[in-house]
Amino acid sequence: MSLDTSPDYGTPKRVSEKLVTLEIDGVEVSVPEGTSVMSAAVDAGVRVPKLCATDSLEAFGSCRLCLVEIEGRKGYPASCTTTVAPGMKVRTQTPKLADLRRGVMELYISDHPLDCLTCSANGNCELQDMAGVVGLREVRYGYEGENHLKAEKDNSNPYFSFDPSKCIVCSRCVRACEETQGTFALTIDGRGFASMVSPSENQPFMESECVSCGACVQACPTATLMEKSVIDKGQADHSVTTTCAYCGVGCSFRAEMKGAEVVRMVPNRDGKANRGHSCVKGRFAFGYATHPDRIRKPMIRKKITDPWREVSWDEAIGYTASEFKRIQAKYGRGSIGGITSSRCTNEETYLVQKLVRAAFGNNNVDTCARVCHSPTGYGLKTTLGESAGTQDFDSVMKSDVIMIIGANPTDGHPVFASRMKRRLREGAKLIIADPRVIDMVRTPHIEASYHLQLRPGTNVALVNSLAHVIVTEGLVKEDFVAARCDVKEFAKWKAFISEARNSPEEMEKTTGVPAEQVRGAARLYATGGNGAIYYGLGVTEHSQGSTMVIGIANLAMATGNIGHEGVGVNPLRGQNNVQGSCDMGSFPHELPGYRHVSDDKVRAQFEEDWGVKLDNEPGLRIPNMFDASIDGSFKGLYVQGEDIAQSDPDTQHVTHALEGLECMVVQDIFLNETAKFAHVFLPGSSFLEKNGTFTNAERRISRVRKVMPALAGKEDWEVTMDLSNALGYPMKYRHPSEIMDEIARLTPTFTGVSYDRIDELESIQWPCNDAAPDGTPVMHVDEFVRGKGRFVVTEYVPTEERTTGKYPLILTTGRILSQYNVGAQTRRTANNMWHDEDRLEIHPHDAEQRGIKEGDWVGVISRAGDTVMRAKLAERMQPGVVYTTFHFPGSGANVITTDNSDWATNCPEYKVTAVQVSLVSQPSTWQKHFREFSDTQLDLLARRTGRVPESSKA
Ligand code: SF4
Ligand code: SF4
Ligand code: SF4
Ligand code: FES
């Protein structure tokens, strides 16, 4: 329950062209066929009392409060489970119905604690409301009989409590866990009076299969399942709609507030990306925003061995500007640059790239998308003509075959995973290509038809063999290819892909995937109806990441699986604004809207608007900035919201590069790993403290709305603007909406975007312009953005990173549901209860060979470096492959990863590192050095504040 005032229809909306007309309490109403009487009543302006029904869940019909009378029918049917019929005459209010409803309520209340005044749901409780609605005045059964009033509370979950004494066994929680979340963690245990909600095998929530998504808490009509934040703080008094700042799903939330304090986050039922659902991060892990580790004052220091000195904003900005000017005067215009972040808003990112191009006078701007989805931009632009996914999330509900490649949606994109699972339970088929047995392979009521468990690094070999089957078995959608694609390029590709060396039988030696499975999967994808491909960093973070994205696009074009609902090529973006940061011109070779800096016409447009001459040469990419720093030609760096010291590969190379800088400026909310190498720290603002927009994986632009004042006094875009002004390039925005107006003015795909328009439509998927004034849910409908779809030959070139006797295992990295990326936010929340260290997952067979047992400390050594972490024996790994997450700086996952990268975009090859693993008894040399350095830096910070932030410790 929440502050939401929109009507709850009681049952999900039905879609049908056929309308049924009926009469409810004398009011005629027409509704789509299949609609429940309860839902139709809302349209007729009548609210039928209800407890077990809510419109996010299918009707269950257990509480008997929603009884109605229907002319010509016997008895008192439940309006939630009765569907409308033509000419039906329904009465919802009669003396008999009132009696029956009061009787039902009496039964509930006789087994319910009468502590309304001190209950956390007081004022926001459906049971309380219904007692009022039915006019309950007495409880004839008394409270002395057998009851559940002493049932014990389960407080094991850090975010919500379960108080069974308040449970009315309406099963809304059970159904929410099944239908909305798809985890099936809850059951109603026992029968009749003994019925009780039970997590898994009667376990506490924390020990059960529950993933803490909170759907059950939201569905519960009483205080049985309740957020602890509401128990502590009381009910909110207002709410503001905003967008989650974690992953690329981009869930819409209502921040329920008391003054400037967030009481709880409630997923927005009208949110088009999430349709009222959320995961543990977005719903619960917001406490980092007010964590004591937040740095609230700007700081500067001459050397990184000096203590920090708190200064005014003016001094910090003035010092940065003078340092940057000094460096440019000494080392040249190209000696400084900036890095934008996919954590930041579109407006902030746009300003940083503008600052670099217009005020620094070069194109040395890059973004963290470099290290995740840059191959998506390259591959999709080359083949389809636009650097973005083709569908909206709703599209998956029309898919017949879902292929997931190199993505782990239940951990990485949990809300979208729930939507996929819903479609799969409805009967869609599933193909998974992943080295690990990810959860989606086998999860309640879902089993993948094919799990192509390939060896890491062999994606292109696999996609080529899938395409080979489609081409050689005559499964190409010839009419689509002839009409929509460049047939000459197709012919070249067809000749290449038909070669026997690309057959599943030949490629099996490389991929390790049995040829028959590849053949089966290819046939299913090509002939099973609407086929949709979803992929993640397991595709892009390879030395052939761009080739693989192209291979996926080839596959979709060859089968005609593009250009309508249910199909498409869909990158599951990692961070909240990866799509946006790329759209905003964060790459050194592209201006906003993916237009090359060497294009004179495009540059002229920006030059006129910005009033400054722009460089026509692409600038430095992040790895080039590091190399140039080590060479001594790059000396100043402005990093907004990005922790390159932890997230980029080959940590020792990165830190060496950072040590070479003369002015390193970090703008962030915490003293992150990168800030430990900084000379200027500019305190950032969290998503709760600023206005702006994020663009999610479906190109959906959603508003981020300020719900509390910026703790350091400035929103991030203001800081960039001040720096620009101090450097002598004037920026004069009064609100981020003016920055969006400028973006719209200069970017053809954004022409129709404005804050007013977003407010009107809830969110907008670009392209949004005269041709598509309401945005574009599905792209490439009549023709590809580039005109004809372009097939490109995808030769499989194995990575140089090979296993050898010395490094016999392959390490692959990824993330986990409860933590997020470098963990700067989630490590400062109770999410640590699920995952408080990075562990090395290893197959029991590989572990046994090395004498490794669960929890043992193991050294992991690669050609780049070594680190130590604890082992976790995992059957989901294939022998020969080990896996770890990178959420904790001290575990040093990126000390081991190498500087191999994608041939086209330099996206690092995080997913393939040859390693050896062995038992050890002490931390690695790097870890010892890291701890020492980190402790020194925290000490230098503490000498400024007199306090060492605990959670900043490694
Ligand atoms: S916990 Fe809440 S939602 Fe679940 S059965 Fe009890 S009252 Fe209903
Ligand atoms: S929090 Fe989510 S996963 Fe856990 S029991 Fe509730 S609905 Fe199921
Ligand atoms: S799925 Fe992603 S966007 Fe949605 S709540 Fe979770 S982290 Fe936030
Ligand atoms: S609301 Fe219809 S039976 Fe409960």
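This passage looks at how aromatic rings pair up in a predicted model, and at two charged groups that sit over rings.

The model was treated with some simple filters: local features need pLDDT of at least 70, side-chain atom pairs count only at pLDDT 80 or more, and totals for chains, interfaces and linings use all residues. Side-chain values rest on heavy atoms, without hydrogens or water, while residues are numbered from 1 along each chain as its sequence is written, with chains lettered from A and ligands numbered from 1 in the order in which they are written.

A search of the whole structure gave 20 aromatic pairs, where rings of Phe, Tyr and Trp (its six-membered ring) pair if their centres lie within 6.5 Å; planes under 30 degrees apart count as stacked, over 60 as edge-to-face and the rest as tilted. Phe160 and Phe205 form an edge-to-face pair, because their centres are 5.2 Å apart and their planes stand at 85°. Both residues are buried, meaning under 20% relative accessible area (exposed is over 50%, partly exposed in between; 1.4 Å probe, protein chains only).

Phe160 also pairs with Phe284, this time in a tilted arrangement with 6.1 Å from centre to centre and 35° between the planes. Phe284, like Phe160, is buried. Ring pairs join Tyr159, Phe160, Phe162, Phe205, Phe284 and Trp834 into a cluster.

Charges meet rings here too, counted if NZ of Lys or CZ of Arg is within 6 Å of the ring centre and within 35 degrees of the ring normal. Arg436 lies over the face of Tyr883, 3.7 Å from the ring centre, and the charged end of Arg870 sits over the ring of Trp857, 5.6 Å from its centre.
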